[in-house]
Structures are given as C-alpha cells and as structure tokens.
Amino acid sequence: MYSEDLLKRLVSELRGKLELLLAYVSTSRYEGLEVDREMAMKDAKALYKAGEKRLGTDEKTFIRIFSERSRAQLAAISAAYHDMYGGSLKKAVKSETSGKFERGLLTILQCSENPAKYFAKALHKAMKGLGTDDTTLIRIIVTRTEIDMQYIKAEYLRKYKKTLNDAVHSDTSGHYRTFLLSLLGPNN
Ligand SMILES: [Ca+2]
C-alpha cells in the first residue's frame, strides 16, 4: 500500500529506541498451539538468570525470547517460570524493566496468556470517554472476527458488565454501526 518496507520505516522512525518492537516484527514466529515444555523451562531459566537473579538486567535475553517464541510457547514459559521460581514472569518484567520496553514486554505477555482479555481491554479503551478511536475499533473487530471474537465478547461482558455489541452500538452510528454490529454477530 505504501511502496516502502515496513521494517525499514520502523527502523528510521524508532532507531535505537524500540529494539524489542523491531525484533518482534522481523521475526517470523510459529503461531500454532503446540508447545515444547523442555524448551519453555530452559527459557524460563534464562529469563531468571537475565533478570531477577542478577544485578541489573540483561535486556537482550528478554528481547530474544519475547520476540522469537510463539504466543503459546510464551504462555508455557510464563507457567514454567512460576513453577520454578514462585513469582510470576509478569512481576519479574515489572521489576526488571521500565518505560516503553516494560510496556512492550507486558503487552506481548498479556496477549500470549489471554488474547481475548487483551483485545477486550483494547476495545474498551478505544471507546471509553468522549469520542472513539475508530481506527483501533475497526482494526480489532475486523481482524479478530473470525478468530476469537466469541471469547473477546465473553471477556468484555465479564469485565465491563455490558455486551460488546451494546458498547459499539452506543459509540457508533449509521452504516458504520450496522457494519460493525454485523461483524460482531449475536448480542451476547
Ligand atoms: Ca535484576
């Protein structure tokens, strides 16, 4: 669409600032559901050694593992981390990193452990307050509709005590509303 390389564009925009993001978009990840438990334990150990166990933080190890592993594998790493060291990987990320880097890692983690919850939250954020972040609203509804929309709707209802359809209905109008609601399906 824009006749330029997305990765190159990101490099020039964010040079040196968001290594994690660059690693994430440039790696082709396996996105299936199979996990390798032994490898998950190995990665959990590497993350522990790179973070909580040492003074300071070896950020490269966090970047490598968070950007190369599939979502399912990262969820397994997080579970292994908890089993092996008692604390959660999320807590380790919070105490070992900060700023945009921390936010990036936490987003990847949350998305790997419960994508539906992550998207329900993002949709809520797009609609809350005055006005609507239509770009985000459209992007999420269009891209998730055939993947996990029923789970996102369930998470939304559980967390915000309102159906996602009702929320979209009150934040949009006209053909745009009809279009989004038709993608969402039944109001449940
Ligand atoms: Ca540390």
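**Largest pocket, salt bridges and a surface patch in an all-helical model**

Helix α7 is the element that contributes most to the lining of the largest pocket, supplying eleven residues. The model is predicted. The largest pocket encloses about 1300 Å³ of space. Its lining comprises 33 residues, and those closest to the centre of the pocket are Arg 103, Thr 107, Ile 108, Gln 110 and Tyr 118. Two or more lining residues come from each of α2 (19–26), α6 (89–96), α7 (99–113), α8 (115–127) and α9. Sorted by class, the lining of the largest pocket holds 13 charged, twelve nonpolar and eight polar residues.

The secondary structure of the chain consists of twelve helices and zero strands. Of the 188 residues of the chain, 36% are classed as buried.

Four salt bridges are found in the whole structure. In one of them, the side chains of Asp 148 and Arg 144 meet at 3.0 Å, N to O. Asp 148 has a relative accessibility of 9% and therefore counts as buried; Arg 144, at 10%, is likewise classed as buried.

A further salt bridge pairs Arg 158 with Glu 155, with the closest N and O atoms 2.8 Å apart. Because Arg 158 and Glu 155 lie three residues apart in helix α10 (residues 149–160), about one helical turn separates them. The burial of the two partners was also assessed. Arg 158 is partly exposed, with a relative accessibility of 48%, whereas Glu 155 is buried, at 14%. Elsewhere, Asp 43, Glu 68 and Arg 69 are joined into one network by salt bridges that share partners. Within this network, the side chains of Arg 69 and Glu 68 form a salt bridge at 3.6 Å, N to O. Arg 69 has 15% relative accessibility and so counts as buried, while Glu 68 is partly exposed, with a relative accessible area of 39%.

On the surface, Ile 138, Val 142 and Phe 179 make a nonpolar patch of about 230 Å². Val 142 is located in helix α9, which spans residues 134–144. With a relative accessibility of 41%, Val 142 is classed as partly exposed, because this class lies between the limits of under 20% for buried and over 50% for exposed residues. Helix α9 is also among the elements that give two or more residues to the lining of the largest pocket.

Definitions and conventions. Residues are numbered from 1 along each chain as its sequence is written. This is a predicted model: local features need pLDDT of at least 70, side-chain atom pairs count only at pLDDT 80 or more; totals for chains, interfaces and linings use all residues. Side-chain values use heavy atoms; hydrogens and water are left out. Patches are made of residues with over 30% relative accessible area and no salt bridge: like charges are joined within 9 Å, nonpolar side chains (Val, Leu, Ile, Met, Phe, Trp, Tyr) within 5 Å. Accessible areas come from the Shrake-Rupley method with a 1.4 Å probe; for residues, only the protein chains shown count as cover. Helices (H or I, at least four residues) and strands (E, at least two) are DSSP runs, numbered from the N terminus. Buried means under 20% relative accessible area, exposed over 50%, partly exposed in between (1.4 Å probe, protein chains only). On a 1 Å grid over the protein atoms alone, a cavity is a set of points where a 1.4 Å probe fits but cannot get out, and a pocket is an open set with protein on both sides within 12 Å along at least five of seven lines; lining residues have an atom within 4 Å of a point. Grid points are joined across faces, edges and corners, and a volume is the space filled by probe spheres set on the points. Ala, Val, Leu, Ile, Met, Phe, Trp, Tyr, Cys and Pro count as nonpolar, Asp, Glu, Lys and Arg as charged, and the others, Gly among them, as polar.
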